[in-house]
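Q: I would like a close look at a single part of this protein, set against the fold that surrounds it. Please take the part first and the wider picture afterwards.

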Amino acid sequence: QVQLVESGGGLVQAGGSLRLSCAASGSIFSINAMGWYRQAPGKQRELVAAITSGGSTNYADSVKGRFTISRDRAKNTVYLQMNSLKPEDTAVYYCNADAAPYSNYRVYDYWGQGTQVTVSS
């Protein structure tokens, strides 16, 4: 019903930048909040950044001032600009969206397949 596809991960040196993109597709009636989570090996998945339909943003303390989340509502796409990357940012990054499909208009929690971000020291 709703699919999320991430892109933009990769390998970068410490201090470098990457930009992640996540496009939502399918039979979408509406999308509320969208966000990015990450999961490092042996750790729990954690919120990195989120953005509401109105544009309000929320960031994990560990990425404030370095990461910026943005959203193109017309394209149903959310972005994560990551600057000044650190080795501890290494993780699989997952896109998340609270969206309602046309099939029943109920809001569900959708996840992308994840994209690997590796920061070398």
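What is the handedness of the link of Cys22 and Cys95, and how many degrees are there about the S-S bond?

A: In this predicted model, the link of Cys22 and Cys95 is left-handed, with -80 degrees about the S-S bond. Cys22 belongs to strand β3, which covers residues 18–26, while Cys95 belongs to strand β9, which covers residues 91–101, so the pair ties together parts that lie 73 residues apart in sequence. The S to S distance in this disulfide is 2.0 Å, and a search of the whole structure finds one disulfide. A disulfide is, in general terms, a covalent bond between the sulfur atoms of two cysteines. As for their setting, both Cys22 and Cys95 are buried, where buried stands for a relative accessible area under 20%.

The surrounding fold comprises 11 strands and zero helices, so that, read from the N terminus on, the elements run β-β-β-β-β-β-β-β-β-β-β. The radius of gyration is 14 Å, close to the 14 Å that the globule rule gives for 121 residues, and the protein is therefore as compact as a globular protein of that length. Taken along the principal axes, the box that the C-alpha atoms fill is roughly 45 × 25 × 20 Å. Of the 121 residues, 40% count as buried, with Cys22 and Cys95 among the buried residues. Among contacts with a separation of 6 or more, 56% come from residues 24 or more positions apart.

Turning to the loops, two residues other than glycine deserve a look for their backbone angles. Asn76, in the loop between β7 (67–72) and β8 (77–82), has a positive phi, near 55 degrees, and its relative accessibility of 25% means that it counts as partly exposed. Ser84 is found in the loop between β8 and β9, and its phi is likewise positive, at about 50 degrees, although Ser84 is not a glycine. With a relative accessibility of 40%, Ser84 also counts as partly exposed. The loop that holds Ser84 thus lies between β8 and β9, and strand β9 is the one in which Cys95 lies.

At the surface, the protein exposes about 6300 Å², of which carbon and sulfur atoms supply 47%. The protein carries 11 positive and 8 negative charges, and the mean positions of these two sets are 3 Å apart.

Terms used:
Residues are numbered from 1 along each chain as its sequence is written. This is a predicted model: local features need pLDDT of at least 70, side-chain atom pairs count only at pLDDT 80 or more; totals for chains, interfaces and linings use all residues. Side-chain values use heavy atoms; hydrogens and water are left out. Helices (H or I, at least four residues) and strands (E, at least two) are DSSP runs, numbered from the N terminus. The radius of gyration is taken over C-alpha atoms; the globule rule is 2.2 Å times the number of residues to the power 0.38. Buried means under 20% relative accessible area, exposed over 50%, partly exposed in between (1.4 Å probe, protein chains only). Contact means heavy atoms within 4.5 Å. Accessible areas come from the Shrake-Rupley method with a 1.4 Å probe; for residues, only the protein chains shown count as cover. Lys and Arg count as positive and Asp and Glu as negative; His and the chain ends are not counted. The place of a charge is taken as NZ of Lys, CZ of Arg, CG of Asp or CD of Glu. A disulfide is a pair of cysteine sulfur atoms within 2.5 Å.
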